[in-house]
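Dear colleague,

I am handing over a structure that will be new to you, and it is shown just below. After it I have set out what was found, grouped by region so that you can follow along in the viewer.

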Amino acid sequence: MFKVSLFLLILGSLASAIAQDSKSPGEVGRFVIRTGVNISHWLSQSEKRGEERRHYMTQADFDSIASMGFDHVRIPVDEVQLWDSLGDREAEGIGLLHNAIRWAIAARLRVIVDLHIIRAHSFSAGVNKLWTDPAEQEKLSGMWRQLSDELHQYPNDKLAYEILNEPVANVPEDWNKVLNKVIAAIRVKEPARKIVVGSNRWQIAETFPELRFPENDSNLILSFHFYTPMALTHHTASWTPIAEYNGPVNYPGQVVDTSCYKDLSSAAVKFMRDGANGYFTKQILEEKMMPAIKVARQYHLQLYCGEYGVYPRIPDDIMLRYYKDLCQIFNENDIAYCHWNYKADFPVVDSNGTPESKLVSILTEK
């Protein structure tokens with residue numbers, strides 16, 4: 001009986017390994033991604049330290065992500081988590097990043113390491129020194145040289161780098177100058193590493209025509225973020241100007257009835273009118289992405305939506321209709337996509353770590 005059980009166990013493990021390793025010949029040795037999740041609020045946008053930080057993400061989380069059907073993770077990291085104020089590397093933070101990469105690779109997940117917030121730049125800051133101080137620009141290149149020294153050991157088909165999350169430059173050429181300088185710094189040691197390049201002004205698709213990158217570099221992935229329309233995706237989110245609106249929302253169609261504006265502050269109404277609200281369908285959502293789609297097609301580069309998601313404060317049926325349309329657009333246009341996030345404010349699991357099955361099914365459907 002013991003031998004039979006052992007045989008069945010080995011057979012099951014072998015079948016599982018074969019199933020997970022079954023890739024088309026064109027994918028072998030290449031950094032191929034389709035659908036993933038962000039590992040947020042751990043090594044980025046978090047005050048967690050010590051035991052709390054060490055236990056927030058474990059091998060079991062990465063195994064769970066893979067079992068749900070995702071094929072990659074995007075790991076946001078902040079400068080303050082990896083370097084102290086003097087620029088010396090923080091050993092524990094870097095060690096946790098190595099753990100995450102190894103756990104992901106063991107679970108057959110590919111990884112994008114995203115430098116999310118640095119001391120000289122944040123997507124939510126009104127003023128960023130990165131655009132005005134040459135020393136800060138050189139510092140960013142230096143951080144990537146150090147990260148390259150630390151992470152170049154991982155295979156090119158398993159790990160990619162994302163230069164900076166949601167750059168916000170008033171002058172597009174300021175971002176173009178910085179990103180090209182950083183790409184050049186990384187390429188000295190890693191000519192074949194995939195590098196994710198985001199568009200200016202929060203990585204919105206509309207700014208893609210202004211993006212400038214090395215046109216002879218085929219190892220780039222172009223990235224945009226998509227939270228349109230925010231009156232739907234960020235309904236009642238406390239960090240937005242429309243947090244005060246807690247009435248009904250709708251999709252497809254008119255998201256918020258404009259008659260409700262009379263009860264809102266002038267700031268909230270302006271935000272609504274500037275694009276957070278409106279009439280939206282699947283076709284309109286796709287049209288919003290077209291500037292990014294056209295640039296990626298022009299240069300024959302992979303297009304990637306590195307963030308999208310819905311703050312789960314709206315009716316499930318509306319939320320799932322939106323998600324289904326969005327994922328269909330991604331798949332129909334060969335756009336890889338990564339949900340914000342795994343477990344935090346836009347989770348794909350509940351508080352016990354159990355997958356939200358209806359949502360996960362849509363996010364991973366082929």
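A good place to begin is Ser 44, which is found in the loop between strand E1 and helix H2; please keep in mind throughout that this is a predicted model. With a relative accessible area of 1%, Ser 44 is buried, and, leaving out residues up to four places away in sequence, Ser 44 touches Pro 76, Val 77, Asp 78, Gln 81 and His 116. Along the chain Ser 44 and Arg 54 are 10 residues apart, and their C-alpha atoms are separated by 13 Å. Leu 115, by contrast, is 71 residues from Ser 44 in sequence, while the C-alpha to C-alpha separation of the two is 8.8 Å.

Two other residues of this loop deserve a look for their backbone. His 41, placed in the loop between strand E1 (35-38) and helix H2 (50-56), has a positive phi of about 55° although it is not a glycine. Gln 45, found in the loop between E1 and H2 as well, has a positive phi of about 50° and is likewise not a glycine. How exposed or buried are they? His 41 is buried, at a relative accessible area of 16%, whereas Gln 45, at 31% relative accessibility, counts as partly exposed.

Turning to Leu 115, you will find this residue in strand E3, which covers residues 110-117. Because its relative accessibility is 0%, Leu 115 counts as buried. Not counting residues up to four places away in sequence, Leu 115 touches Val 77, Glu 79, Leu 140, Trp 144, Glu 162, Ile 163, Leu 164 and Asn 165.

Next comes the nonpolar interior. The largest nonpolar core has 105 residues, of which Ile 39, Val 73, Ile 163, Leu 222 and Phe 224 touch the most other members. Helix H12 gives the most to this core, with nine residues. Apart from this core lies another, of nine residues, which includes Ile 33, Ile 112, Val 196 and Ile 221. As for Phe 224, if its neighbours within four places in sequence are left aside, its contacts include Met 289, Ala 292, Leu 303, Phe 330 and Ile 335.

Two helices can be considered as a pair here. The axes of helix H11 (residues 282-299) and helix H12 (residues 316-332) come within 10 Å and cross at roughly 45°, and the two helices are therefore oblique to each other. The crossing of H11 and H12 is right-handed. On the side of H11, the residues that take part are Lys 282, Leu 285, Glu 286 and Met 289, and they meet Tyr 322, Asp 325, Leu 326, Gln 328, Ile 329, Phe 330 and Glu 332 in H12. Sorted by class, this contact of H11 with H12 has six nonpolar, one polar and four charged residues.

Helix H13 also has a buried side to examine, since Leu 359, Val 360, Ile 362, Leu 363 and Thr 364 in H13 are buried. What do the buried residues of H13 pack against? Their partners are E1, helix H3 (59-68), strand E9 (302-308), H12 and E10.

Ahead of that helix, Thr 354 has its place in the loop between E10 and H13. At 41% relative accessibility, Thr 354 counts as partly exposed, and Thr 354 touches Val 348 and Val 349 when residues up to four places away in sequence are not counted. Thr 354 and Ser 259 are 95 residues apart in sequence, and their C-alpha atoms are 39 Å apart in space.

Finally, there are cis peptide bonds to check in the viewer. One joins Tyr 251 and Pro 252, with omega at about -5°, and Pro 252 lies in the loop between helix H9 (230-233) and strand E7 (253-254). A cis peptide bond also joins Trp 340 and Asn 341, where omega is about 10°, and Asn 341 has its place in the loop between strand E10 (335-339) and helix H13 (357-364).

With kind regards

Definitions and conventions:
Residues are numbered from 1 along each chain as its sequence is written. This is a predicted model: local features need pLDDT of at least 70, side-chain atom pairs count only at pLDDT 80 or more; totals for chains, interfaces and linings use all residues. Side-chain values use heavy atoms; hydrogens and water are left out. Axes are lines fitted to C-alpha atoms, for helices over the stretch in contact, and angles run from 0 to 180 degrees between N-to-C directions. Helices (H or I, at least four residues) and strands (E, at least two) are DSSP runs, numbered from the N terminus. Angles under 35 degrees count as roughly parallel, over 145 as roughly antiparallel, 65 to 115 as roughly perpendicular and the rest as oblique. A crossing is left-handed if the near helix is turned anticlockwise from the far one by less than a right angle, and right-handed if clockwise. Contact means heavy atoms within 4.5 Å. Ala, Val, Leu, Ile, Met, Phe, Trp, Tyr, Cys and Pro count as nonpolar, Asp, Glu, Lys and Arg as charged, and the others, Gly among them, as polar. A nonpolar core is a set of buried Ala, Val, Leu, Ile, Met, Phe, Trp, Tyr and Cys residues joined through side-chain atoms within 4.5 Å. Buried means under 20% relative accessible area, exposed over 50%, partly exposed in between (1.4 Å probe, protein chains only).
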